[in-house]
Amino acid sequence: MDKETYLRFLRALLMNRLPAADAEDIVRFYTEYLEEAGPEKVQEAMAALGSPEELTAKIMEQRAKEEAEEIREPEASASKAYTVPIENGVLRGAGIALVVLAGICLVPTLGGLFIGFVAGGIGLIVCGALMVAFCAYGAGIGSMLLAWGAALVMISIGSLLIQAAKGMFYLLKKAMKSLWKTLVEGEVSVHEAVN
Amino acid sequence: MVFQLTAPLLDGCVLAILEQGDAYGYSLTQRLRGEIDVSESTLYPVLRRLQRDGYLTVYDEQFQGRNRRYYAITPTGREQLAECREQWWTYERKIDHILSGGMQDG
């Protein structure tokens with residue numbers, strides 16, 4: 001196929017699918033393109049573009065994609081979040097200071113609660129165990145069972161308190177770790193409006 | 001190339017070439033294709049979009065009896081190019097960080 005035939009086919013195909021001005025503009029672009037390729041490279045250039053049908057299909061596909069993007073665009077570009085690494089030495093120092101400060105506040109508070117919970121838990125368990133032991137010498141079987149029941153409840157609550165204390169310990173560890181990551185070595189989230 | 005070139009990146013590449021000087025469609029395509037694997041039919045929609053958004057302007061010039069349509073970057077286009085460079089370098093740094101094994105677990 002020579003250049004003129006190629007372009008005539010292309011124009012006919014595009015005229016059927018697009019507003020005339022758009023079709024003309026595209027044909028104009030490819031006319032110039034093939035002219036610039038020169039006689040020795042024009043066949044190569046046409047082969048690379050594909051047949052007029054293939055090129056038309058690509059153009060239409062591209063337009064459809066762009067139109068779809070334009071509909072989505074306002075929402076997509078309203079705001080976007082990305083992270084920037086902290087490289088500034090001063091910021092890094094401030095970050096370390098903040099983490100230490102948080103540690104000073106958090107460790108005694110949560111540590112105190114931790115000790116309280118553990119002690120309370122152990123106390124309740126010991127109490128429950130003692131009740132079970134001593135009520136064996138008690139009077140009727142009814143009151144003995146009642147006492148054992150109460151003792152078991154105490155032991156359970158005691159165990160729960162110890163579990164809670166353990167959870168608190170992990171919470172503290174996690175909080176400190178994420179603080180360190182965010183403030184010192186990590187990245188901060190930045191929200192930036194995009195026009 | 002295994003990596004896909006996305007539209008904003010391709011826009012940036014075209015603007016960067018035009019920053020070096022005005023160019024016409026064929027030369028622009030050839031220069032781009034000298035570096036990256038883009039299809040011949042990719043460039044027209046890119047140029048049309050950039051023109052519509054005011055990032056480039058066109059003018060026609062006669063060359064050996066035929067018309068050549070030149071594309072030139074506008075001041076808005078230069079701003080857009082600067083923005084694209086900024087975004088790309090940020091992105092590049094992050095990918096470098098991950099690829100070079102700089103990520104810590106946790």
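**Close-up 1. A salt bridge within chain A of the predicted model joins A:D22 and A:R63.** The closest N and O atoms of A:D22 and A:R63 are 2.8 Å apart. The pair links distant parts of the chain, 41 residues apart. A:D22 sits in helix α2 of chain A, and A:R63 in helix α3 of chain A. A:D22 is partly exposed, with a relative accessible area of 26%. A:R63 is buried, at 14%. Over all chains, a search of the whole structure finds 15 salt bridges.

**Close-up 2. Chain A meets chain B.** On the chain A side, 27 residues are in contact with 25 residues of chain B. About 2400 Å² is buried between the two chains, and carbon and sulfur atoms give 45% of this area. In chain A, the residues that lose the most area to chain B are A:F29, A:Y33 and A:E36. Together they account for 26% of what that side buries. Eight residue pairs are in polar contact across the interface of chain A and chain B. The elements α2 (20-49), α3 (52-77), β1 (79-85) and α5 (141-185) of chain A each supply at least two residues of the side that touches chain B. The largest share, 14 residues, comes from α2(A). By class, this side of chain A has 10 nonpolar, two polar and 15 charged residues.

**Close-up 3. Salt bridges cross the interface of chain A and chain B.** Side chains of opposite charge can pair when their charged atoms come close. Six salt bridges are found across this interface. In one of them, A:E36 pairs with B:R68, with 2.6 Å between the closest N and O atoms. This pair runs from strand β3 of chain B, which holds B:R68, to helix α2 of chain A, which holds A:E36. Both partners are buried: B:R68 has a relative accessible area of 8%, and A:E36 has 11%. Elsewhere, salt bridges that share partners join A:D25, A:R28, A:E32, B:D60 and B:R69 into one network.

**Close-up 4. A salt bridge within chain B pairs B:R33 with B:E40.** The closest N and O atoms of B:R33 and B:E40 are 3.4 Å apart. B:R33 is partly exposed, with a relative accessible area of 33%. B:E40 is buried, at 9%.

**Close-up 5. An aromatic pair joins the two chains.** A:Y33 and B:Y26 pack edge-to-face, 5.0 Å centre to centre, with 65° between the planes. A:Y33 lies in helix α2 of chain A and B:Y26 in helix α2 (residues 25-35) of chain B, so the pair joins two chains. A:Y33 is buried, at 1% relative accessibility. B:Y26 is also buried, at 12%. Ring pairs link A:F29, A:Y30, A:Y33, B:Y26 and B:Y44 into a cluster. The whole structure has nine aromatic pairs over all chains.

**Close-up 6. B:W88 and B:Y91 form a tilted aromatic pair.** Their ring centres are 5.9 Å apart, with 45° between the planes. The two residues are three apart in helix α4 (residues 75-99) of chain B, so about one helical turn separates them. B:W88 is partly exposed, with a relative accessible area of 35%. B:Y91 is partly exposed too, at 48%.

**Close-up 7. B:T74 lies in a loop of chain B.** This loop runs between β3 (66-73) and α4 of chain B. B:T74 is buried, with a relative accessible area of 10%. The B:T74 side chain reaches the backbone oxygen of B:G54 at 2.6 Å. Leaving aside residues up to four places away in sequence, B:T74 touches B:G54, B:Y55, B:L56 and B:T57.

Definitions and conventions. Residues are numbered from 1 along each chain as its sequence is written. Chains are lettered from A and ligands numbered from 1 in the order in which they are written. This is a predicted model: local features need pLDDT of at least 70, side-chain atom pairs count only at pLDDT 80 or more; totals for chains, interfaces and linings use all residues. Side-chain values use heavy atoms; hydrogens and water are left out. Contact means heavy atoms within 4.5 Å. Buried area is the accessible area (1.4 Å probe) that two parts lose on being put together, summed over both. A salt bridge is a side-chain nitrogen of Lys or Arg within 4 Å of a carboxyl oxygen of Asp or Glu. A polar contact is a pair of N or O atoms within 3.5 Å; within protein, one must be able to donate a hydrogen and the other to accept it, and residues adjacent in sequence count only if both atoms are side-chain atoms. Helices (H or I, at least four residues) and strands (E, at least two) are DSSP runs, numbered from the N terminus. Ala, Val, Leu, Ile, Met, Phe, Trp, Tyr, Cys and Pro count as nonpolar, Asp, Glu, Lys and Arg as charged, and the others, Gly among them, as polar. Rings of Phe, Tyr and Trp (its six-membered ring) pair if their centres lie within 6.5 Å; planes under 30 degrees apart count as stacked, over 60 as edge-to-face and the rest as tilted. Buried means under 20% relative accessible area, exposed over 50%, partly exposed in between (1.4 Å probe, protein chains only).
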